[in-house]
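Biologist: I'd like to get a feel for how this protein is put together. Can we look at the model and go through a few questions?

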Amino acid sequence: MADTASFKPTACLAMADGTVFYGAGFGATGQTVAELCFNTAMTGYQEIMTDPSYAGQIVTFTFPHIGNTGVTPEDDETGNPVAAGMVVKWDPTLASNWRSTEELKDWLTRTGRIAIGGIDTRRLTREIRRQGAPHVALAHDPDGNFDVEALVASARAWAGLEGMDLAKEVTCAQSYRWNEMRWAWPDGYPKQTNPAHKVVAIDYGAKRNILRCLASAGCDVTVLPATATAEEVLAHNPDGVFLSNGPGDPAATGEYAVPMIKTILDTTELPVFGICLGHQMLALALGAKTIKMNHGHHGANHPVKEIQTGKVEITSMNHGFAVDAQTLPEGVVETHVSLFDGSNCGIRLDGRPVFSVQQHPEASPGPQDSFYLFERFAEAMAASNTVEA
Ligand SMILES: NC(=O)CC[C@H](N)C(=O)O
């Protein structure tokens with residue numbers, strides 16, 4: 001048995017309500033303040049940590065074996081981890097995978113992300129559900145010196161994600177082209193050499209695998225920064241416009257993104273497809289409202305029903321806000337619904353090739369049931385090109 005009497009914590013997680021968890025720190029030292037969420041996926045901790053949608057959030061992993069596949073640059077959803085920190089049950093498992101190029105611990109240290117192990121993640125998850133996405137301070141000090149009152153005070157002082165636009169911080173600085181497709185054995189990521197559709201993708205914090213799925217569905221993708229105007233989008237003469245996932249409050253990001261989306265909808269007949277934050281902002285542009293959820297959806301096995309077909313897809317989810325289906329105006333149809341809590345998971349504009357979903361059809365990590373949505377977008381672009389011709 002471990003000698004608990006001599007255990008000296010090297011990390012501390014302090015919640016705004018005064019609850020404190022002690023554990024063993026790893027990764028970077030220092031402290032950070034963020035919203036705490038939990039993710040139930042059994043694989044893909046690297047993709048989760050590098051998903052830009054997690055800016056401003058610390059992720060509790062409910063699956064206990066974290067670290068066992070190490071880290072490889074091939075699995076990054078963007079350059080570096082974006083989530084503010086990591087909470088796990090045990091010390092990270094040593095990497096045991098042929099694709100791994102670095103241990104999880106070393107990667108977190110190198111990229112400046114704080115982690116805490118040795119936490120009763122089941123108890124913590126119940127706390128997150130009870131309190132509803134609590135604000136927390138996470139500190140890692142190898143000497144174990146913590147000013148707990150100051151940590152609690154900084155968690156209390158943090159303004160929270162509501163009203164926060166984080167897309168501006170994680171979007172690309174300049175536009176770029178993308179032609180890499182989905183992973184295919186044994187070649188890794190093949191290139192799309194014969195694209196059929198020109199797509200402008202707005203990067204509110206886009207995951208690479210979304211861009212890969214677009215390329216795999218036959219798209220030649222040009223990625224533009226979050227603040228791109230409708231004129232800048234249309235200057236590329238696209239066949240369709242894609243609105244990406246991203247962090248923060250859709251209403252705050254929508255202050256500049258929604259007018260752009262509205263102009264595209266009002267002045268063109270172009271197909272538009274949105275995922276997650278992109279879905280929420282399309283809904284705002286169509287006149288609906290978004291709401292903050294209690295503890296959100298973060299996992300890789302969330303059942304979503306497509307209302308028209310009754311078909312259920314198992315999906316990847318990562319959101320803390322949702323479209324309020326009660327506020328959808330006439331002409332906007334609810335297409336998908338969460339079977340966990342009935343929250344809205346998809347909309348379409350009646351009679352137009354304009355649609356979006358809350359789930360992550362690119363998975364990464366997670367099941368690929370929803371890939372058909374990329375094909376649907378490609379089909380919509382093919383159909384609208386035929387009409388023009
Ligand atoms: N994955 C996302 O795009 C997340 C969207 C938004 N930031 C939310 O938390 O709901």
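Biologist: Among contacts in the protein chain between residues at least 6 apart in sequence, what percentage join residues at least 24 apart?
Modeller: Keep in mind that this is a predicted model. Contact here means heavy atoms within 4.5 Å. Leave aside pairs that are less than 6 apart in sequence, then ask which of the rest join residues at least 24 apart: that share is 75%.

Biologist: How many helices and strands does the protein chain have?
Modeller: Both kinds of element turn up here. The count for the protein chain is 10 helices and 17 strands.

Biologist: And what is the radius of gyration of the protein chain?
Modeller: For 389 residues, the globule rule gives 21 Å. The protein chain comes out close to that, so it is as compact as a globular protein of that length. Its radius of gyration is 21 Å.

Biologist: What share of the residues is buried?
Modeller: A residue counts as buried when its relative accessible area is under 20%. Apply that cut-off to the 389 residues of the protein chain, and the buried share is 58%.

Biologist: How far apart are the C-alpha centres of domain 1 and domain 2?
Modeller: First, the division: domain 1 covers 4-157 and domain 2 covers 167-388. The two are in contact, with 31 residues from domain 1 and 23 residues from domain 2 taking part. Going from one C-alpha centre to the other, the distance is 29 Å.

Technical notes:
Residues numbered from 1 in each chain as written. Predicted model: local features only at pLDDT ≥ 70, side-chain atom pairs only at ≥ 80, totals over all residues. Heavy atoms only, no water. Helix = DSSP H or I, 4+ residues; strand = E, 2+ residues; numbered from the N terminus. Rg over C-alpha atoms; globule rule 2.2 N^0.38 Å. Buried < 20%, exposed > 50% of the residue type's maximum accessible area, 1.4 Å probe, protein only. Domains from an automatic or database assignment.
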